[in-house]
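Grab your viewer and work through the exercises below. Try each task before you read its solution.

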Amino acid sequence: MITLYNTLTRQKETFKSIEPGKVKMYVCGPTVYNYIHIGNARPAINYDVVRRYLEYQGYEVIYVSNFTDVDDKLIKRSKELNEPVNTIANRYIDAFYEDVGALNVKKATSNPRVMNHMDDIIKFIKELIDEGYAYESGGDVYFRTRKFEDYGKLSHQSLNDLKVGARIEQGEQKEDALDFTLWKQAKPDEISWDSPFGKGRPGWHIECSVMAYHELGATIDIHAGGTDLQFPHHENEIAQSEAHNHAPFANYWMHNGFINIDNEKMSKSLGNFVLVHDIIKEIDPDVLRFFMISVHYRSPINYNMELVGAAKSGLERIRNSYQAIEERETIATNIETQDHYIDEINQILDQFETVMNDDFNTANAITAWYDLSKLANKYVLENTTSTKVIARFKEVYQIFSDVLGVPLKASNNDELLDEDVEALIEERNQARQNKDFARADEIRDQLKEQNIILEDTPQGVRFKRG
Ligand SMILES: [Zn+2]
């Protein structure tokens, strides 16, 4: 039985899917005008773990996450770079897949893009206008917030509270300061689409309502995103969707906490903006992922090198213990006297499931993994090794690895040490002497992949790192 904290009710609830055995999940995705920063990596990783655990519990998960591929930031960037919006979006969508792929995030069932759903968005807005929930004004279309009586239910604010902070910006012709934009009239030099309301483009909030409806239907099981999206983005999504679909939009709302950089808020002005694309060149992405899930998803996380270093050594401890178990496999025999170890392993698996069932507490799940690794280290000191015990250890390590998405072995693209390079150069020299040019070229290419450049000098072949 899985319980999860539902932002909508502000309490932990037992999870029950709409259709048995199937979970429909929607996670707000990035605006693709740049590489993703570490704050975008957190929801990508955390909700990937949620998905993996639901799958482990036997659910089929339909996981939808959008790309915002047209908005003010993309238009600004397009002007700066003198490139079409679409070219920039395509570039950063490719980079997104590359970066989250390195972080072992499973590919979404679907990643809808605004540009591919323009007709659906226009139709949805038109239907909201027909029902009196939206209106055209001065080339824009606005949502009539007061008409949706439940407005504020997610962020737990009343319309009167909200009214205090609401402003009508210059150029907006709203009936009420609380109304928000569904369709923005195009400025002369901006990318735009034809619509019954005139040339323009969608406001930000409408895309998620439309894509969730299009991909998953009127009501979804879990809607997730960062805490900062709770208001107004998710509140507006609820208003649009429930007004349009005449059904609850999402049964469970999950929100992940902020990420701070060395105890400071991440911001461009502080110059502490960490892009995943850059950081995974310095930090093993497996370590970065392990670090991210070492804190419960609703708690804030503090990113600094010391804490990442601690995660690195923690992961190494787990991996070393797994390797020790694997090494004993070859000498294992069918002995029956060690079955109490199997009971202990099973208890740790129970512990893992109990904490994951409790609002996906990955921090405690990692504690269970450490416990397994301690038990493994104790076991390998035994004089004899049981095939059954080794097999059970390996199965449970694999479960933890699959659910948390952290591989049991480090990938092989670790940088070559100088001595490895020297050995390869020597092997290449030998290959050339033996006229085995294929092997010689192979080695040269392998070194080139690692940015190692070979130079023929009077003293023989030297190398430098590029
Ligand atoms: Zn959204």
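What follows is a set of tasks on a metal site, its surrounding helices and a few single residues.

Some ground rules come before the tasks. This is a predicted model, in which local features need pLDDT of at least 70, side-chain atom pairs count only at pLDDT 80 or more, and totals for chains, interfaces and linings use all residues. Residues are numbered from 1 along each chain as its sequence is written, and side-chain values use heavy atoms, with hydrogens and water left out.

**Exercise 1. The zinc site**

Task: work out which atoms coordinate the zinc ion and what geometry they give.

Solution. Start with the donors, meaning N, O and S atoms within 2.8 Å of the metal (3.2 Å for Na, K and Ca); water is not among the atoms, so sites may look incomplete. Four residues turn up: Cys28 and Cys208 through SG, His233 through NE2 and Glu237 through OE, at 2.1 to 2.2 Å.

Next, check the angles. Four donors pass as tetrahedral if all angles lie between 85 and 135 degrees; four are square planar and six octahedral if opposite donors are over 155 degrees apart and all others between 65 and 115; anything else is irregular. Here the angles among the four donor atoms run from 77 to 128 degrees, and the site is irregular.

Last, look at the sequence: the donor spacing reads C-x179-C-x24-H-x3-E. Cys208 in helix H6 (residues 204-216) and Glu237 in helix H7 (residues 230-245) are 29 residues apart, and this pair links distant parts of the chain. Helices (H or I, at least four residues) and strands (E, at least two) are DSSP runs, numbered from the N terminus.

**Exercise 2. Comparing with the record**

Task: find which residues UniProt lists under "binding site", and how far apart their C-alpha atoms get.

Solution. The unreviewed UniProt entry lists Cys28, Cys208, His233 and Glu237. They are spread over 210 residues of sequence, yet they cluster in space, with a largest C-alpha distance of 10.8 Å. Keep in mind that UniProt positions are given in the numbering used here, feature names are shortened, and annotations may be inferred rather than shown by experiment.

The unreviewed entry also has a "short sequence motif: 'HIGH' region" at residues 30-40. In the model that span is 27% helix and 0% strand, and its end C-alpha atoms lie 7 Å apart.

**Exercise 3. Buried or exposed?**

Task: decide whether Cys28, Cys208 and Glu237 are buried or exposed.

Solution. Take the cut-offs: buried means under 20% relative accessible area, exposed over 50%, partly exposed in between (1.4 Å probe, protein chains only). Cys28 has 11% and is buried. Cys208 is buried at 1%, and Glu237 is buried at 0%.

Now look at the company they keep, where contact means heavy atoms within 4.5 Å. Cys28 sits in the loop between strand E3 (22-27) and H1. Not counting residues up to four places away in sequence, Cys28 touches residues including Ser65, Asn66, His223 and His234. With that same exclusion, the contacts of Glu237 include His205, Phe249 and Trp253.

In the loop between E3 and H1 you also find Thr31. Thr31 counts as buried, at 19%. Beyond its neighbours up to four places away, Thr31 touches Thr68, Asp71, Lys73 and Leu74.

**Exercise 4. Two helices, end to end**

Task: what are the spans of H1 and H6, and what follows each helix?

Solution. The expected span is 1.5 Å times one less than the number of residues. H1 (residues 38-56) has 19 residues and reaches 27 Å from its first C-alpha to its last, close to the 27 Å expected. For H6, 13 residues should span 18 Å, and the end C-alpha atoms are 19 Å apart, which agrees.

Then check burial: 15 of the 19 residues of H1 are buried. Buried residues in H6 include His205, Ile206, Cys208 and Leu216.

Finally, step past the ends. Gly58, just after H1, has a positive phi of about 95 degrees. Gly217 follows H6, and its phi is positive too, near 100 degrees.

**Exercise 5. Along H7**

Task: describe the surroundings of Gln230 and His244.

Solution. Gln230 lies in H7 and is buried at 14%. Leaving aside neighbours within four places in sequence, its contacts include Thr7, Arg10, Leu154 and His255. The C-alpha atoms of Gln230 and Trp253 are 9.2 Å apart, although 23 residues separate them along the chain.

His244 is in H7 as well, and at 11% it counts as buried. With neighbours within four places left out, His244 contacts Phe124, Glu127, Leu128 and Tyr213. Its side chain also makes a 2.6 Å polar contact with that of Asn245. A polar contact is a pair of N or O atoms within 3.5 Å; within protein, one must be able to donate a hydrogen and the other to accept it, and residues adjacent in sequence count only if both atoms are side-chain atoms.
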